[in-house]
Amino acid sequence: MLRDGSVFTGNDQELARFRATQDYNRTVDRLKTGPASSLFVTITAAAGGDNDAQERAFALGAPLDGPLMAGVALPGRPTLPRYSGPNTVIEGPLVPGRSALSPFTQRYLNESGGRWGNTDTRTQNYQISQEYAGNGYRITGGGGIRSEEFISGVGPGTRGGTFVDITARSSDGRVVRIQTVDTLPNGQPTPNEAAAAARIRAARPNDELRLIPKVK
Amino acid sequence: MMKRIFFFATPADIIPILKRLESNAPLKFVSTENMATPDREIYLDSTEIPNPGVSTHESGHASTNYLVSHQNTKNNVHAFVGTKGEKRWVLDNSDNEESVNLTMAGIWKDMLLPGTMDTLHETPVAQQLMKLFVAALKAEGFTKVDMYWIGKEALEMLKAGKRLTQAEQSPPEFDVKL
């Protein structure tokens, strides 16, 4: 198992230990025969790029998560800066100019229609998912982050089933489902929304279900 | 576009699936937990994944999840500040267009919970991973029952009267029936 991040932030003892492992050798072997990634090009350019730096950049970063290579110290080379920008930017000091939202998320938020709803609903679901993520929840479905959780019904196939707008799991295992719902003038969910909520409650009676009126 | 694949698999069912999947191209399996540290579990070989086919939660959907991509695909990790001011890191399918999510779930107590492979993306790489997964299921003798692919050992459990269900808490009417 390889772990990225702190073990690779310039601690020579840890690096030496890592270099003695089978994982290191296997990684290097694979990288030497595999295609150079954009990360490799970027990191070696930033680091100066002699053979040793290239090998270490390869061994440390290329198959892993590029942005987490920030902070890596290469001998005689400047340490790559760790990013400390606005809180909605995908951390990517090796990818200058990266926008705050990924291309998919931009499309998700700007487009309209289908099960994901109009732009207002999409934005609302995305914002809710980010609020839960900010509280340490893993978004396990929906919210513009992942495919929605599907709760099957009587079948066959997806018949009688329900797609959940957002499913989130807390670090201690609690599961919360959030449906953004159309409402009647009296504030109650429309019959279709109420039926979907009932299906979710029937299938997961012990979990929390939150119904939030859609932004209009 | 293939969006979701549902399956029931015991450890004996899922391990050969992972091997077949990796035989096409070197893959990495990266934990998608919401972390307060940049450290994240990365497996470059499926044999290193702890307990595949054993659910870590009473709901299959909430069990341990991995982002699966080619080893030379750069994963975009989203860093942000949490509500308590702490820095957090997440790895989402939405930020990684050449990836799929894999939740294996599996054995939970005396029942079996469903796994999923899903993706938001239509990219050739993501769709190829989905297709390769289905091909592996077929090659390993999984049986399609309604919307679920069911492994050989999982099918034996079903025939033996064990529950194949979405979550332990789900009432019996949500169990898979032959």
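Trainee: How do the residues lining the second largest cavity divide by class?

Mentor: In this predicted model, they divide into five nonpolar, five polar and four charged. Ala, Val, Leu, Ile, Met, Phe, Trp, Tyr, Cys and Pro count as nonpolar, Asp, Glu, Lys and Arg as charged, and the others, Gly among them, as polar.

Trainee: What makes a space a cavity, and a residue part of its lining?

Mentor: On a 1 Å grid over the protein atoms alone, a cavity is a set of points where a 1.4 Å probe fits but cannot get out, and lining residues have an atom within 4 Å of a point. By this rule there are five cavities of 30 Å³ or more. For the second largest, 14 residues form the lining, and Arg138(A), Ile139(A), Thr32(B), Val90(B) and Asp92(B) lie nearest its centre. Elements α6 and β2 of chain A each give two or more residues to that lining.

Trainee: And how is a volume found?

Mentor: Grid points are joined across faces, edges and corners, and the volume is the space filled by probe spheres set on the points. That gives about 90 Å³ for the second largest cavity and about 190 Å³ for the largest.

Trainee: Which element gives the largest share of the lining of the largest cavity?

Mentor: That is β10(B), with three residues. The lining has 18 residues, including Phe6(B), His61(B) and Thr116(B), which are among those nearest the centre.

Trainee: What makes β5 and β6 of chain A paired strands?

Mentor: Strands (E, at least two residues) and helices (H or I, at least four) are DSSP runs, numbered from the N terminus. Two strands pair if DSSP finds at least two bridges between them. Four bridges join β5 (166-169) to β6 (175-181) of chain A, running antiparallel, so the pairing rule is met. Ala168(A) stands opposite Val176(A) in β6(A).

Trainee: Why do β2 and β7 of chain A count as edges?

Mentor: The open sheet runs β2-β5-β6-β7 (chain A) with mixed pairing. Strands β2 (138-142) and β7 (208-213) each have a single partner, so one side of each lacks a neighbour in the sheet. The twist averages 20° from one strand to the next.

Trainee: How do you know that α6 packs on the sheet?

Mentor: Contact means heavy atoms within 4.5 Å, and α6 (119-134) of chain A touches β2, β5, β6 and β7 of chain A. Its direction makes about 160° with that of β6(A); axes are lines fitted to C-alpha atoms, for helices over the stretch in contact, with angles from 0 to 180 degrees between N-to-C directions.

Trainee: What conventions apply?

Mentor: Residues are numbered from 1 along each chain as its sequence is written, and chains are lettered from A in the order in which they are written. Local features need pLDDT of at least 70, side-chain atom pairs count only at pLDDT 80 or more, and totals for chains, interfaces and linings use all residues, while side-chain values use heavy atoms, without hydrogens and water.

Key: 1 Å grid on protein atoms, 1.4 Å probe; cavity = no way out; pocket = protein on both sides within 12 Å on 5 of 7 lines; lining within 4 Å.
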